[in-house]
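Work through the exercises below with the model open beside you. Try each task before you read its solution.

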2 protein chains.
Amino acid sequence: MSDHAATIGRFWAATEARDWDGLAEVLADDLVYEMEQTRERVRGKPAFVRFFSEFPGDWHLVVRRIIADADGGVSTLDFTVGDEHMVGITFFTFDVDGRITLLEDVWPEPYERPAGRAHLTELV
Amino acid sequence: MSDHAATIGRFWAATEARDWDGLAEVLADDLVYEMEQTRERVRGKPAFVRFFSEFPGDWHLVVRRIIADADGGVSTLDFTVGDEHMVGITFFTFDVDGRITLLEDVWPEPYERPAGRAHLTELV
């Protein structure tokens, strides 16, 4: 596993453990977090840790997949809050010290397949 | 750029060029394509090339980012059909010959930020 993949693993392990000091260790001070779907942005390590630590509910996450190379990485999560299940995909960019400097995530929701394309696919 | 990253680049360049023979060259015969949001699945190279080649409209794609490692890779696309813009995220898994054996994509759509969390973020 590459250093970047290991850092992504630490990021999510600390988050699931509510270990906010441990989470802060893998973050650059000038971290930026962007959510393209809602056009939201959070700037800086304290604001980001607050954003995560104040997420409401008894949430849990399981990392499904991590892919990383010399420049960045991505994770896919199964995220649950009670009976609600969501899939989260997070892109990571790192600084030269290996700390996370940019986080971008998306939460794709289920939708109906296009009616005119149903002959081309099966349903799982 | 790794071999897997280059293959992902070829995959999208062939698709944008409607070069279906070129696309087929980077695919394993038993390719599976899965869309988690709609629970759709397509099995096998011919069915997959048909699915892509019959996509309606004057669509175009621009690759925003590719991340790949020894096991797999991911791409983020800006996909347009006329005035409509979508973001596509595609995960790739490769066989030992470097051909694509599993494709999984998601198309995250915009949504409103949660009202109770507005104090934690800015809007871009």
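**Exercise 1. Find the turn and the shift that lay chain A on chain B, and name the symmetry.**

Step 1. Chain A can be laid on chain B by a turn of 180° with a shift of 0.0 Å along the axis. The RMSD of this fit is 0.0 Å. Copies are superposed by least squares on the C-alpha atoms of residues with pLDDT of at least 70 in both.

Step 2. The two copies are therefore related as by a two-fold rotation axis.

Step 3. Which residue of chain A comes closest to the rotation axis? Pro108(A) does, with its C-alpha at 2.1 Å.

A note on the source: this is a predicted model, where local features need pLDDT of at least 70, side-chain atom pairs count only at pLDDT 80 or more, and totals for chains, interfaces and linings use all residues. Residues are numbered from 1 along each chain as its sequence is written, while chains are lettered from A and ligands numbered from 1 in the order in which they are written.

**Exercise 2. List the elements of chain A in order.**

Step 1. Count them. Chain A has three helices and seven strands. Helices (H or I, at least four residues) and strands (E, at least two) are DSSP runs, numbered from the N terminus.

Step 2. Read from the N terminus. The order is α-α-β-β-α-β-β-β-β-β.

Step 3. Look at the overall extent. The C-alpha atoms of chain A fill a box of roughly 50 × 35 × 30 Å along the principal axes.

**Exercise 3. Trace the open sheet and find its edge strands.**

Step 1. Follow the seven strands: E3(A)-E4(A)-E5(A)-E6(A)-E1(A)-E2(A)-E7(B). The pairing is mixed. Two strands pair if DSSP finds at least two bridges between them.

Step 2. Find the strands that pair on one side only. These edge strands are E3 (59–68) of chain A and E7 (122–123) of chain B.

Step 3. Place the helices. Helix H1 (residues 3–16) of chain A packs on the sheet and touches E3, E4 (72–81), E5 and E6 of chain A. The direction of H1 makes about 175° with that of E3(A). Helix H3 (residues 45–53) of chain A also packs on the sheet, touching E1 (27–35) and E2 (40–43) of chain A. Here the angle with E1(A) is about 55°. Axes are lines fitted to C-alpha atoms, for helices over the stretch in contact, and angles run from 0 to 180 degrees between N-to-C directions.

Step 4. Check two pairings. E5 (residues 84–94) and E6 (residues 100–106) of chain A run antiparallel, joined by six bridges. Phe94(A) stands opposite Ile100(A) in E6(A). E2(A) and E7(B) also run antiparallel, with two bridges. Arg41(A) has Glu122(B) as its bridge partner in E7(B).

**Exercise 4. Describe the side of chain A that touches chain B.**

Step 1. How many residues of each chain are in contact with the other? In chain A there are 32, and in chain B 32. Two residues are in contact if their C-beta atoms, placed from the backbone, lie within 7 Å.

Step 2. Name the elements that give two or more residues on the chain A side. They are E2, H3, E3, E4, E5 and E7 (122–123) of chain A.

Step 3. Sort the residues of this side. They divide into 15 nonpolar, six polar and eleven charged. Ala, Val, Leu, Ile, Met, Phe, Trp, Tyr, Cys and Pro count as nonpolar, Asp, Glu, Lys and Arg as charged, and the others, Gly among them, as polar.

Step 4. Compare the copies. 100% of the interface residues of chain A are also interface residues in chain B, so the copies meet through the same surface.

**Exercise 5. Is Arg39(A) buried or exposed, and what marks its phi?**

Step 1. Locate Arg39(A). It lies in the loop between E1 and E2 of chain A.

Step 2. Read phi. Arg39(A) has a positive phi of about 60°, although it is not a glycine. Most residues other than glycine have a negative phi.

Step 3. Count neighbours. Arg39(A) has 14 other C-beta atoms within 10 Å, so it is partly exposed. A residue is buried if 20 or more other C-beta atoms lie within 10 Å of its own, exposed if 12 or fewer, and partly exposed in between; C-beta atoms are placed from the backbone.
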